[in-house]
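Please load the model in your viewer and set the display so that both backbone and side chains can be selected. The tour proceeds by selections, each followed by an account of what is found there.

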Amino acid sequence: MQGSMFNTWKPMWVVLLDDGIEFYKKKIDNSPKGMIPLKGSSIHSPCQDFGKRMFVFKLTTAKQQDHFFQAAYLEERDAWVRDIKKAIQCIEGGQRFARKSTRKSIRLPETINLSALYLSMKDSDKGIKELKLEKDKKVFNHCFTGSCVIDWLVSSNAIRNRKEGLMLASSLLNEGYLQPAGDTSKNAAEGLTDTPFLDLPDAYYYFADSGFFCEGNSSDDDVILKEEFRGTVVKQGCLLKQGHRRKNWKVRKFVLREDPAYLHYYDPAGGEDPLGAIHLRGCVVTAVEDAKKHDVDTNLFEIITANEVHYFLQAATPVERTEWIKAIQVVSRTGK
């Protein structure tokens, strides 16, 4: 974070309230270091004021004071921007911001480690099973129901009852470990129900770094339409892909299609369903020469989609990197 009180970037624990943003030196601190009022404020994202810093957004107060925030990854930045915008709109409309901060509204024991719990939930043997679920003529892949989450928390003795389970699951959702899939869970996450997380069999969720995708006719951003697979295959092969959340590198099989322009990636060990897809229409693809800061040696390139999602990929050789860049550039211009 950087703002009027600080001349350098410092990590802060930030809490979004219904009328402002409090920031703490540490998560366990009882008193905030300061508070930024939201009334009359405006938010700008993405913020290009700091060329070497990614995922920055700017909050300008009514007194024209600029405060800069840097998230750890794109999804986190977008989630903060979305919630802050909503809080500002509620103030302007004379309404109360429905979504409370995790710190203020969810009281969890200090012994609960959400990161460790998340890893246990993802355990292939003892964790929550990712399923293919159908609802409203859509197929949701690699997801699970809200009831399954609470059932797992109860069976693993992480909670004493389902009410505590709702608190813990809401915390996992607010911290970005779980993501809503479908209108029912998304409406709850946006504050349109009593709790941000729903203990229901028709409320769908997925792990933040999973291969979730949805098939069907929808305008949702996280939907992969069946039409995508009709495109002509232009190029395919294996590349290293950096994960958005954990920043670890994994080998994926990539299939480049045009008309429509998509780059699907799969588990190289097999499986017909893709782990995800990158929409290439209007994207920018460039070689990255300073690869070491991304924990790789060379042959790195970056794809920035029209929605400003960044993907880092590594080819095996310089020639292969050039071939992929040229092929993606052509598809991004000619595909739809």
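The stops below cover a group of strands, a lysine, a helix and several salt bridges.

The model is predicted, and the distances and angles quoted are to be read as properties of that model.

**Stop 1: strand β8 and its partners**

Select residues 138-145, which make up strand β8. Seven of the eight residues in β8 are buried, and the strand is thus described as mostly covered. Next, add residues 131-135, strand β7. Strands β7 and β8 run antiparallel and are joined by four bridges. Within this pairing, lysine 135 stands opposite lysine 138 of β8. The two strands form a hairpin with two residues between them. In the turn, display aspartate 136, whose phi is positive, at about 50°.

Now add residues 204-207, strand β10. Strand β10 is also antiparallel to β8, with two bridges between them. To locate one of the points of pairing, select phenylalanine 144 together with its bridge partner in β10, tyrosine 205.

**Stop 2: lysine 135**

Return to strand β7 and centre the view on lysine 135. Which side chain of opposite charge is nearest to this lysine? It is that of aspartate 202, 4.0 Å away; lysine 135 is buried yet has no salt bridge. Polar partners can nevertheless be displayed here. The side chain of lysine 135 makes a polar contact of 2.8 Å with the side chain of threonine 184. A polar atom of the lysine 135 side chain also lies 2.7 Å from the backbone oxygen of aspartate 202. To complete the view, select Phe140, Thr184, Asp202 and Tyr204, with which lysine 135 is in contact when its neighbours within four places in sequence are left aside.

**Stop 3: helix α5**

Select residues 162-174, helix α5. This helix has 13 residues and reaches 18 Å from its first C-alpha to its last, close to the 18 Å expected at 1.5 Å a residue. Colour its buried residues: Gly165, Leu168, Ala169, Ser170, Ser171, Leu172, Leu173 and Asn174. At the N-terminal end, asparagine 161 acts as a cap, with a side-chain oxygen 3.2 Å from the backbone nitrogen of lysine 163. After the helix comes glycine 176, which has a positive phi near 90°.

**Stop 4: salt bridges**

How many salt bridges does a search of the whole structure find? The search finds five.

Begin with arginine 162 and aspartate 151, whose side chains meet at 2.8 Å, N to O. This pair links distant parts of the chain, arginine 162 being in α5 and aspartate 151 in helix α4 (residues 146-155), eleven residues apart. Arginine 162 is partly exposed at 34% relative accessibility, and aspartate 151 is partly exposed at 39%.

Then select glutamate 164 and arginine 160, which form a salt bridge with the closest N and O atoms 2.3 Å apart. Glutamate 164 is partly exposed, at 22%, whereas arginine 160 is exposed, at 72%.

Finally, select lysine 235 and glutamate 323, a salt bridge with its closest N and O atoms 3.5 Å apart. Here again distant parts of the chain are linked: lysine 235 belongs to strand β12 (residues 232-242) and glutamate 323 to helix α7 (residues 318-334), 88 residues apart. Glutamate 323 is partly exposed, with a relative accessible area of 41%.

As a last selection, show Asp151, Arg162 and Asp199 together, which salt bridges with shared partners join into one network.

Definitions and conventions. Residues are numbered from 1 along each chain as its sequence is written. This is a predicted model: local features need pLDDT of at least 70, side-chain atom pairs count only at pLDDT 80 or more; totals for chains, interfaces and linings use all residues. Side-chain values use heavy atoms; hydrogens and water are left out. Buried means under 20% relative accessible area, exposed over 50%, partly exposed in between (1.4 Å probe, protein chains only). Two strands pair if DSSP finds at least two bridges between them. Lys and Arg count as positive and Asp and Glu as negative; His and the chain ends are not counted. A polar contact is a pair of N or O atoms within 3.5 Å; within protein, one must be able to donate a hydrogen and the other to accept it, and residues adjacent in sequence count only if both atoms are side-chain atoms. Contact means heavy atoms within 4.5 Å. The expected span of a helix is 1.5 Å times one less than its number of residues.
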